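User: Hi! I have this model open at the bench and would like to go through it with you, question by question. Could we start with one residue and work outwards?

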Amino acid sequence: MSVGVLLMTHEAVGKALISAAHHVLPKLPLKVEAVEIPPEADPDVMRMLTAVHARELDLGDGVLVLADLYGATPCNIGLSLSELGVHLRCVSGLNLPMLLRVLNYAEKPLDELAEIAASGGRGGIFIDHA
């Protein structure tokens, strides 16, 4: 089983997270790509370009879309890919703990991986007890 992972983010966020993940896990166990949406980008053009990336990532087990901010253009584009025939699940609130948790459970199916992503993202948030 191999789910593709597509990071849908604002400019400079997705590639930085992939770079940080490589620092922790030099060989990533899943294929991970980032699509960063520039502020001036045409959402319809970006949707079509992103669909190409998503289809390349889908080796038959689907694509896990990890978006940085729910309701923002990158997330909306990611969610709209299902209308273009991409088998996906989308989780927003992307952070490095979320991505690392997904990569540590690479053998899981798409639906379970989406739950793991959400749990990992929440679990990576701590408040000091000063």
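User: Leaving aside its neighbours within four places in sequence, which residues is Ala34 in contact with?

Analyst: Happy to help! This is a predicted model, in which local features need pLDDT of at least 70 and side-chain atom pairs count only at pLDDT 80 or more, while totals for chains, interfaces and linings use all residues. Residues are numbered from 1 along each chain as its sequence is written, and side-chain values use heavy atoms, with hydrogens and water left out. Contact here means heavy atoms within 4.5 Å. On that basis, the partners of Ala34 are Leu7, Gly14, Lys15 and Ile18.

User: Is Ala34 buried or exposed?

Analyst: Ala34 sits in strand β2; strands (E, at least two residues) and helices (H or I, at least four) are DSSP runs, numbered from the N terminus. Buried means under 20% relative accessible area, exposed over 50%, and partly exposed in between, with a 1.4 Å probe and protein chains only. Ala34 has a relative accessible area of 16%, so the residue counts as buried.

User: In what order do the four strands of the open sheet lie?

Analyst: Two strands pair if DSSP finds at least two bridges between them. The pairing in this sheet is parallel. β2 (32-37) and β4 are the edge strands, each pairing on one side only. Read across, the order is β2-β1-β3-β4.

User: Which residue of β4 stands opposite Val65?

Analyst: β3 (residues 63-67) and β4 (residues 88-92) run parallel, joined by five bridges. Within this pair, Val63 has Leu88 as its bridge partner. Opposite Val65 is Cys90.

User: How many residues of β3 are buried?

Analyst: In a regular strand the side chains alternate between the two faces of the sheet. For β3, Val63, Val65 and Ala67 are buried on one side, and Leu64 and Leu66 are buried on the other. The strand is thus mostly covered, and the number buried is five of five.

User: At about what angle does helix α4 run to β3?

Analyst: Axes are lines fitted to C-alpha atoms, for helices over the stretch in contact, and angles run from 0 to 180 degrees between N-to-C directions. Helix α4 (residues 96-104) lies across β1, β2, β3 and β4. Its angle to β3 is about 165°.
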